Amino acid sequence: MNSRFTLLIRLLLGLVLIVFGSNKLLHFIPLPPPTGSAADFMNSLNATGYIFPVLGLLEIFIGALLLLRKWVAFALILLAPISINILLFHMFIDIPGLGLALVVVLLNSILIYKHWPQYNPLFA
């Protein structure tokens with residue numbers, strides 16, 4: 001679990017989460033506005049007033065846990081439904097962002113695989 005490969009993946013995923021989570025709160029990366037169904041969906045989520053701030057804080061929290069190497073297995077499980085939803089959103093509604101979504105799911109999957117012995121008690 002402590003190989004350089006795992007370290008690199010954990011740090012990369014942690015940085016991606018902190019940057020994009022912070023962007024949900026501070027809006028410092030200009031993103032192209034979504035169009036069509038993606039715009040309708042994003043506007044609906046934004047209208048709730050809480051989804052994006054909570055998601056941003058959760059991504060920052062998970063990213064910090066990964067960077068600090070604290071509760072990594074817990075952070076990866078928290079990230080799993082988020083990364084799956086990111087992937088599904090880009091697969092079905094907003095194809096241009098599919099590349100980054102695949103990267104997040106792949107990195108999360110690799111790290112879950114590397115930490116699998118910590119999940120064994122869940123299935124015993």
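Helix α3 (51-68) has 18 residues, which at 1.5 Å a residue should span 26 Å, and its end C-alpha atoms are indeed 26 Å apart, so the two values agree. This is a predicted model, and the points below follow α3, two loop residues and a surface patch.

**Helix α3 and its packing**
- The buried residues of α3 are Phe52, Gly56, Glu59, Ile62, Gly63, Leu65 and Leu66.
- Those buried residues pack against α1, α2 and α4.
- As general background for reading such a list, an α-helix has 3.6 residues a turn, so residues three or four places apart point the same way.

**Positive phi in the loops**
- Most residues other than glycine have a negative phi, and two residues here are worth a look for that angle.
- Arg69 comes just after α3 and takes a positive phi of about 60°, although Arg69 is not a glycine.
- Arg69 sits in the loop between α3 (51-68) and α4 (72-92).
- His27, also not a glycine, has a positive phi near 55°.
- His27 belongs to the loop between α1 (4-26) and α2 (36-48).
- With a relative accessible area of 62%, His27 is exposed, because the cut-off for exposed is over 50%.

**A nonpolar patch on the surface**
- Phe41, Ile84, Leu88, Met91, Phe92 and Ile93 make up a nonpolar surface patch, and together they have about 550 Å² of accessible area.
- Helix α4 supplies the largest share of the patch, with 4 residues.
- Phe92, one of the patch residues, is located in helix α4.
- Phe92 counts as exposed because its relative accessibility is 63%, and exposed means over 50%.

Methods:
Residues numbered from 1 in each chain as written. Predicted model: local features only at pLDDT ≥ 70, side-chain atom pairs only at ≥ 80, totals over all residues. Heavy atoms only, no water. Helix = DSSP H or I, 4+ residues; strand = E, 2+ residues; numbered from the N terminus. Buried < 20%, exposed > 50% of the residue type's maximum accessible area, 1.4 Å probe, protein only. Expected span 1.5 Å × (residues − 1). Contact = heavy atoms within 4.5 Å. Patch = residues over 30% accessible without salt bridge, like charges linked within 9 Å, V, L, I, M, F, W, Y side chains within 5 Å. Areas by Shrake-Rupley, 256 points an atom, 1.4 Å probe, with all protein chains shown as cover. Salt bridge = Lys/Arg side-chain N within 4 Å of Asp/Glu carboxyl O.
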